[in-house]
Amino acid sequence: MDDKISTSAEVAEAAALPCHREVHTDPDAPAALTDVPAPMQKVPAPEQKSEARWAYERLILYIQNFEKTLDGEHEVAMGFAGGDAGVLRIEGMGYFDPDIITFYGSDTRGAKTQLVQHVSQLNVILRAMPKPKPEEPAKRIGFRLVAELEDQV
């Protein structure tokens with residue numbers, strides 16, 4: 001039995017922090033989602049976030065974590081479950097309250113692409129794609145998305 005008594009501040013903080021669990025076949029696999037940026041914890045209060053904002057922020061964490069595993073020759077892209085829409089190199093992401101997530105980017109042929117998706121249909125596969133211009137540094141959208149959230153504070 002847990003007899004620990006929490007203060008109201010501890011209860012509020014625990015409610016604000018995202019909960020997750022992962023298990024990998026490789027015990028040395030890097031831990032994912034270990035650093036949750038402060039803006040995702042505090043602005044606005046969790047009960048005030050829309051479904052779109054919750055999805056947007058959690059996707060940022062997954063994208064940023066995925067990018068940490070990439071070498072300098074690859075960038076993050078996403079595949080679509082179902083259909084033959086192909087792969088989108090993620091060059092931007094946003095949300096529209098209360099329930100829309102938008103991905104901006106280009107497909108494997110370089111065509112400008114945008115996906116507008118309802119949060120209830122959110123089902124993406126993060127993929128490593130070779131950079132379109134090998135001579136340029138890899139672009140890391142996840143880190144830019146986190147920086148943008150931190151600028152809002």
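The expected span of a helix is 1.5 Å times one less than its number of residues, and helices (H or I, at least four residues) and strands (E, at least two) are DSSP runs numbered from the N terminus. The model is a predicted one, in which local features need pLDDT of at least 70 and side-chain atom pairs count only at pLDDT 80 or more, while totals for chains, interfaces and linings use all residues. Residues are numbered from 1 along each chain as its sequence is written, and side-chain values use heavy atoms, with hydrogens and water left out.

**Exercise 1. Find the span of helix α3 and list its buried residues.**

Step 1: Helix α3 has 18 residues and reaches 26 Å from its first C-alpha to its last, which is close to the 26 Å expected at 1.5 Å a residue.

Step 2: Buried means under 20% relative accessible area, exposed means over 50%, and partly exposed lies in between (1.4 Å probe, protein chains only). The buried residues of α3 are A52, R53, A55, Y56, E57, L59, I60, L61, I63, Q64, N65 and E67.

Step 3: Take Q64 of helix α3 as a single case: Q64 counts as buried because its relative accessibility is 10%. Contact means heavy atoms within 4.5 Å, and, not counting residues up to four places away in sequence, Q64 touches G142, F143 and V146.

**Exercise 2. Work out the strand order of the open sheet and place α3 against the sheet.**

Step 1: Two strands pair if DSSP finds at least two bridges between them. The open sheet of 5 strands has the order β4-β3-β2-β1-β5, with antiparallel pairing. Its edge strands, each pairing on one side only, are β4 (112-118) and β5 (124-130).

Step 2: Axes are lines fitted to C-alpha atoms, for helices over the stretch in contact, and angles run from 0 to 180 degrees between N-to-C directions. From one strand to the next, the twist averages 40°. Helix α3 (residues 51-68) packs on the sheet, where α3 touches β1 (74-80), β2 (87-96), β3 and β5, and the direction of α3 makes about 145° with that of β2.

**Exercise 3. Follow strand β3 to its two hairpin neighbours.**

Step 1: On one side, 7 bridges join β2 to β3, and these strands form a hairpin with 3 residues between them. Here G92 stands opposite Y104 in β3.

Step 2: Strand β3 (residues 100-106) is also joined to β4 by 7 bridges, and the two run antiparallel. Y104 stands opposite Q114 in β4, while S106 has K112 as its bridge partner.

Step 3: The hairpin of β3 and β4 has 5 residues between the strands, and G110 in the turn has a positive phi of about 90°. Strand β3 is mostly covered, with 5 of its 7 residues buried.

**Exercise 4. Describe the surroundings of R89 in strand β2.**

Step 1: R89 counts as buried because its relative accessibility is 7%.

Step 2: Not counting residues up to four places away in sequence, R89 touches several residues, including E75, Y104, M129 and P132. The side chain of R89 reaches the backbone oxygen of P130 at 3.2 Å.

**Exercise 5. Identify the elements that build the largest nonpolar core.**

Step 1: A nonpolar core is a set of buried Ala, Val, Leu, Ile, Met, Phe, Trp, Tyr and Cys residues joined through side-chain atoms within 4.5 Å. The largest one has 20 residues, and Y56, I60, M78, I90, M93, I101 and F103 have the most contacts inside it.

Step 2: Two or more residues of this core come from each of α3, β1, β2, β3 and α4 (141-151), and α3 gives the largest share, 6 residues.

Key
Polar contact = N/O pair within 3.5 Å; in protein donor to acceptor, adjacent residues only side chain to side chain.
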